[in-house]
Amino acid sequence: MTDSVKGPAPILAAGGIVLRGNTKPRFAVVRMRREKSWVLPKGKLMPREHPRDAAKREVLEETGHDVSVHKFLGSVAYPADGRIKIVQFWLMRTEGLPERELSSDVKAVKWLPLKQAIELLSRPHEKVFLTHVGPIALAEIKKATHRKTRVGRRSVSKRRPTAAPATPHVIAMDYQKTRPNAFAKALGNWFNARRAG
């Protein structure tokens with residue numbers, strides 16, 4: 001028998017750790033117009049929308065760039081409007097110029113090296129999250145670039161399929177606004193209830 005979580009359902013959102021460039025990859029950080037805060041590109045899911053699709057849509061709206069979506073990097077959970085907000089993030093790549101204007105709630109986009117992107121972020125839980133998943137994203141870019149170079153030198157018949165390495169699931173929480181024990185317990189109960197149901 002599992003504990004059920006009483007109260008409102010969490011707010012579900014999705015976004016991207018978006019990189020541009022190969023030799024010196026840069027991370028996208030967006031400035032929200034109303035809050036004047038620098039954040040990772042993300043947004044709420046629409047009804048029946050898959051989180052991965054929502055992440056791609058939100059990144060296009062907030063950065064103006066169409067992206068290719070790669071591996072899942074983890075989740076961020078924090079209190080918002082009296083509820084828990086859970087944001088799932090994927091590694092994304094973009095090339096070239098923006099394809100559309102920024103959404104009205106975004107004032108600017110900056111493309112920065114990892115350390116500067118972490119420093120610019122306004123929210124502590126996003127700083128923690130990017131500190132953990134940023135190196136994973138950079139390693140994936142390096143692997144992909146190395147793979148393209150290697151494949152170009154080998155014939156197709158010699159290629160061996162390789163299994164993708166497992167990415168650790170990272171959950172970052174805003175401990176400044178939350179009592180960790182109660183929040184972690186509620187979040188764990190919610191995940192268990194979803195898995196059981």
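This report walks through the cores, one helix, the biggest pocket and a few unusual residues of a predicted model.

The model is predicted, so local features need pLDDT of at least 70 and side-chain atom pairs count only at pLDDT 80 or more, while totals for chains, interfaces and linings use all residues. Residues are numbered from 1 along each chain as its sequence is written, and side-chain values use heavy atoms, with hydrogens and water left out.

**The cores**

Let's start inside. A nonpolar core is a set of buried Ala, Val, Leu, Ile, Met, Phe, Trp, Tyr and Cys residues joined through side-chain atoms within 4.5 Å. Buried means under 20% relative accessible area, exposed over 50%, and partly exposed in between (1.4 Å probe, protein chains only). The largest core here has 26 residues, and Ile17, Leu19, Phe27, Leu40, Phe89, Phe129 and Leu130 touch the most other members. Two or more residues each come from strands S1 (11–20), S2 (26–32), S5 (68–80) and S6 (83–94), and from helices H2 (114–120) and H3 (124–153). Helices (H or I, at least four residues) and strands (E, at least two) are DSSP runs, numbered from the N terminus. H3 gives the largest share of this core, six residues. There is also a second, separate core of 11 residues, with Ala14, Val18, Ala54 and Val69 among them.

Back in the largest core, take a look at Ile17. Leaving aside neighbours within four places in sequence, the contacts of Ile17 (heavy atoms within 4.5 Å) include Phe27, Leu40, Phe89, Phe129 and Leu130.

**Helix H1**

Helix H1 covers residues 51–63, and its 13 residues reach 18 Å from the first C-alpha to the last, close to the 18 Å expected at 1.5 Å a residue. That expected span is 1.5 Å times one less than the number of residues. Among the buried residues of H1 are Pro51, Ala54, Val59 and Thr63. Their cover includes S1, S2, strand S4 (42–44), S6 and strand S7 (106–112).

Two glutamates of H1 are worth a look. Glu58 counts as buried, because its relative accessibility is 8%. Not counting residues up to four places away in sequence, Glu58 touches Ala14, Lys42, Gly43 and Lys44. Glu62 is also in H1, and is buried with a relative accessible area of 4%. On the same not-counting rule, residues touched by Glu62 include Val30, Leu40, Lys42, Leu102 and Val109. The C-alpha atoms of Glu62 and Arg100 are separated by 9.6 Å, although these residues are 38 apart along the chain.

**The largest pocket**

About 570 Å³ of space lies in the largest pocket. Its lining has 22 residues, and Glu35, Lys42, Tyr78, Lys85 and Arg123 lie nearest the centre. S4, H1 and S5 each give two or more residues to the lining. By type, the lining divides into seven nonpolar, two polar and 13 charged residues.

Some fine print: on a 1 Å grid over the protein atoms alone, a pocket is an open set of points where a 1.4 Å probe fits, with protein on both sides within 12 Å along at least five of seven lines, and lining residues have an atom within 4 Å of a point.

**Positive phi angles**

Most residues other than glycine have a negative phi. Here are two with a positive value:

| Residue | Phi | Loop | Relative accessible area |
|---|---|---|---|
| Arg48 | near 65° | between S4 and H1 | 88%, exposed |
| Asp81 | near 55° | between S5 and S6 | 74%, exposed |

A glycine does it as well: Gly64, just after H1, takes a positive phi of about 85°.

Note on methods: Points joined across faces, edges and corners; volume = space filled by probe spheres on them. Nonpolar A, V, L, I, M, F, W, Y, C, P; charged D, E, K, R; others polar.
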